[in-house]
Amino acid sequence: MGYVVFLPRCGTKTRHPTLLRRHKISMTGERILIVEDEPAVAMGLEYGLKSEGFGVLRAETGRRALSLAESGNPHLILLDIRLPDISGFDVCKQLRSRGMRQPILILSARDEELDRVMGLELGADDYVVKPYRLRELIARIRALLRRAYGELAAPVTGGRLRFGEVEIDLEKLQVLRKNKIIDLTPTEFRLLRYMVSNPERPFSRADLIETIWGYDSDIGSDRTVDVHMRHLREKLENDPANPRWLVTVRGVGYKFQP
């Protein structure tokens, strides 16, 4: 007897769990770790990602996600917030505290600005609200991967950039302050390198979203830039509340002031 499986719209919850056969992971495409406790939603994501050539890992709980993030070495993590054991926010925080720097894209039905900010504060690179269109999600995944491992991840030139007590090693993709390595996420590194490479040039938040994140600005994007800029100031400025280097341009956005 044959079986027909209906795939729900991505991000739509169901009360009827479905048993899934684990597929063999592709060895040619980037591996995506899906952290989602609702089987039907995870199945829709897995099907869509595999049809685009991605390899897929699956975790239904936060603790399983932490384990797979280490053993499976995914290139990107899709992280739901509502998990049965620990929250996606806790997973994100623990991943970053363990030094894992893969892009993290949070998927959540919660559209409150506080949730967006919290996810970004804890180290996520992007935040998408359910329900979403698979095409849009794939575009954001590709943009994050391209920027983490593609053209913006590669050194622009050899050598180093310096300002104050900070040194950016363009070959090792490291940032040092007072000769100590500063732990930056890939997105923070790209944002810092881009601004320092363009001194005195004001950038709007929309400009930075398009260049660093790789998609058009939308509602919530301003907060994404603001949170990442605040993180950089806290890590690199002597007085983050009154920054010397990464300054605000009123009515425009931000610039690097040498």
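Which residues touch the most other members of the largest nonpolar core? Before I answer, let me say that what we are looking at is a predicted model, and that everything I describe this morning should be heard with that in mind. The core in question has 43 residues, and those that touch the most other members are Leu49, Leu78, Ile141, Phe163, Val175 and Leu192. Taking Ile141 as an example, and setting aside residues up to four places away in sequence, we find that Ile141 touches Ile32, Leu49, Phe54, Leu76, Leu78 and Leu105. Apart from this core lies another one, of 23 residues, with Val35, Ile86, Leu95 and Ala124 among them.

Let me step back to the protein as a whole. Its secondary structure comes to eight helices and twelve strands, and of its 258 residues, 48% count as buried. If we consider contacts between residues at least 6 apart in sequence, 60% of them join residues at least 24 apart. The protein exposes about 13,300 Å², and carbon and sulfur atoms supply 50% of that area.

Now to the sheets. Five strands make an open sheet in the order 2-1-3-4-5, and the pairing is parallel. Strand 2, residues 55–59, and strand 5, residues 126–129, stand at the edges, and because each has a single partner strand, one side of each is left without a neighbour in the sheet. From one strand to the next, the twist averages 20 degrees. Towards the strand 5 edge, strand 4, which covers residues 104–108, is joined to strand 5 by four bridges, the two running parallel, and in this pairing Ser108 stands opposite Val129 of strand 5.

The antiparallel part that I would like to show you is built around strand 7. Strand 6, residues 160–163, pairs with strand 7 in the antiparallel sense over four bridges, and here Arg162 stands opposite Glu167. The hairpin that these two strands form has two residues between the strands, and Gly164 takes a positive phi near 55 degrees. Strand 7 is also joined by four bridges to strand 8, residues 174–177, and this pair again runs antiparallel. Glu167 stands opposite Leu176 in strand 8, and so the residue that faces Arg162 in one pairing faces Leu176 in the other. The second hairpin, of strand 7 and strand 8, has four residues between the strands, and Leu173 in the turn has a positive phi of about 55 degrees.

Which way do the residues of strand 7 point? In a regular strand, side chains alternate between the two faces of the sheet. In strand 7, residues 166–169, Val166 and Ile168 point one way while Glu167 and Asp169 point the other way, and all are buried, the two acidic residues included.

Let me turn next to helix 4 and helix 8. Helix 4 covers residues 113–121 and holds Glu121, and within this helix Asp115, Arg116, Val117, Gly119 and Leu120 are buried. Glu121, in contrast, counts as partly exposed, because its relative accessibility is 32%. The helix is followed by Gly123, whose phi is positive, near 115 degrees. Leaving aside neighbours within four places in sequence, Glu121 is in contact with Val227, Arg230 and His231. Glu121 and Arg230 are 109 residues apart in sequence, yet their C-alpha atoms are 9.1 Å apart in space.

Is His231 buried or exposed? This residue is found in helix 8, residues 221–236, and it counts as buried because its relative accessibility is 7%, where the cut-off is under 20%. Beyond residues up to four places away in sequence, His231 touches Leu120, Glu121 and Glu188, and its side chain makes a polar contact with the side chain of Glu188 at 3.2 Å.

I will finish with Phe256, which is found in strand 12, residues 253–256. Phe256 is buried, with a relative accessible area of 3%. Not counting residues up to four places away in sequence, Phe256 touches Phe163, Met195, Val196, Pro199, Glu200, Trp245 and Leu246. Of these, Met195 is 61 residues from Phe256 in sequence, with 5.6 Å between the two C-alpha atoms. Phe163 brings us back to where we began, since it is one of the residues that touch the most other members of the 43-residue core.

Conventions
Residues are numbered from 1 along each chain as its sequence is written. This is a predicted model: local features need pLDDT of at least 70, side-chain atom pairs count only at pLDDT 80 or more; totals for chains, interfaces and linings use all residues. Side-chain values use heavy atoms; hydrogens and water are left out. A nonpolar core is a set of buried Ala, Val, Leu, Ile, Met, Phe, Trp, Tyr and Cys residues joined through side-chain atoms within 4.5 Å. Buried means under 20% relative accessible area, exposed over 50%, partly exposed in between (1.4 Å probe, protein chains only). Contact means heavy atoms within 4.5 Å. A polar contact is a pair of N or O atoms within 3.5 Å; within protein, one must be able to donate a hydrogen and the other to accept it, and residues adjacent in sequence count only if both atoms are side-chain atoms. Two strands pair if DSSP finds at least two bridges between them. Axes are lines fitted to C-alpha atoms, for helices over the stretch in contact, and angles run from 0 to 180 degrees between N-to-C directions. Accessible areas come from the Shrake-Rupley method with a 1.4 Å probe; for residues, only the protein chains shown count as cover.
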